[in-house]
Amino acid sequence: MSAAGFTGAGLDRADHLRLDPDRIAALVAHEEARLLQLAEVDPILDEAGRLAWGPMEAEAELLFLGLEDGAPRFAPLVRMQSLGQRAWSVFRLLALMSARDAAIWAAARSLNEWHNRHGFCGVCGSATTLYRAGWGRICPGCGAEHFPRVDPVVIMLAQYEGRVLVARQPQYPAGRYSALAGFVEPGESIEEAVARELMEEAGVAVSNVRYVASQPWPFPGSLMIACLADAASDEIRLDARELEDAIWVDRAGVAAALAGEPDAPFLAPPPFAIANTLLTRWSRDGS
Ligand SMILES: [Zn+2]
């Protein structure tokens, strides 16, 4: 099994400690407590290419990431200058990082962006304050509790007679194609979202939607749900507002793309993206 990116952090999130200020204070003061080093919210790597950790800082607002073999791990709450932005430089760093380090950083990044977006109560408009050791905000005005949100996104391959559908958006690097994706809407199942997105974006009708794998995606806080589905035909009717092109690729073409071969039919998504995991599993296991 190829593990999905941003998974396998291996931290004990210790939810039972989050609402206990005395226990959290003891963790902050713990001699093995460490604070994740961030450049705004981007990762900082040490000379070995691992996430850099530093001593606790008294002035920092803290997000409790969890326990690593009993040792407390925290991230700072940082004031983000531009929400929803992702620099391509982060993708270069992610390509160097282990899935485990990427997973730890992803939680810190998603939490930070959520806090920065939820300074005010969505119920009454009062300024909110951090609580639950970073895993929530509470409103002093109306008492509403707000919890970090995760947005479900389906990402899928339609398959038809030994080929799968991949597509490119205009902003992709040259040659890059990937699996189609879209947000799950209120009142919709994962299976219905997969079928709707494939119909809307590529005019492809599918059935037999099945789950393959999932991964967190910290830009800003998605859960990518990867699926495979059977297409009724290979006819494509492209939504040009969403996609620049879509092509059907056979198993050999997908394998060549994943191997980075120069004559491959497309440039594969990077290994930390679940589209890569999906293509890898399909090229190896098929349906
Ligand atoms: Zn409120």
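Modeller: Let's start with a working rule: contact means heavy atoms within 4.5 Å. Keep in mind, too, that this is a predicted model.

Colleague: Happy to. With that rule, which residues of α5 meet which residues of α6?

Modeller: From α5, R251, V254 and L258 take part, and on the α6 side they meet N276, L279, T280, W282 and S283. Sorted by class, this contact has four nonpolar residues, three polar ones and one charged.

Colleague: And how should I read the geometry: at what angle do α5 and α6 pack?

Modeller: Angles under 35 degrees count as roughly parallel, over 145 as roughly antiparallel, 65 to 115 as roughly perpendicular and the rest as oblique. Here α5 (residues 251-258) and α6 (residues 274-285) pack at about 135°, and their axes are 9 Å apart. That makes α5 oblique to α6. As for handedness, α5 and α6 cross in a left-handed way.

Colleague: Now the metal. Which atoms are the protein donors of the zinc ion?

Modeller: For zinc, donors are N, O and S atoms within 2.8 Å of the metal. In this model they are the SG atoms of C121, C124, C139 and C142, at 2.2 to 2.4 Å from the zinc ion. Along the chain, the donors follow the spacing C-x2-C-x14-C-x2-C.

Colleague: Why is the arrangement called tetrahedral?

Modeller: Four donors earn that name if all angles lie between 85 and 135 degrees. Around this zinc ion the four donor atoms subtend 98 to 117°, so the arrangement is tetrahedral. There is a link in sequence as well: C124 sits in the loop between α3 (99-117) and β7 (129-131), and C142 in the loop between β8 (136-138) and β9 (145-146), so the pair ties together parts that are 18 residues apart in sequence.

Colleague: Any backbone details I should check? Where is the cis peptide bond?

Modeller: Look between F219 and P220, where omega is about 0°. P220 belongs to the loop between β13 (206-217) and β14 (222-231). Then look at E40, a residue other than glycine with a positive phi, near 50°. E40 is in the loop between β2 (38-39) and β3 (42-43).

How values were computed
Residues numbered from 1 in each chain as written. Predicted model: local features only at pLDDT ≥ 70, side-chain atom pairs only at ≥ 80, totals over all residues. Heavy atoms only, no water. Axes fitted to C-alpha atoms, helices over the stretch in contact; angles between N-to-C directions. Helix = DSSP H or I, 4+ residues; strand = E, 2+ residues; numbered from the N terminus. Left-handed = near helix turned anticlockwise from the far one by under 90°. Nonpolar A, V, L, I, M, F, W, Y, C, P; charged D, E, K, R; others polar. Donors = N, O, S within 2.8 Å, 3.2 Å for Na, K, Ca; no water. Tetrahedral: all angles 85-135°; square planar, octahedral: opposite > 155°, others 65-115°.
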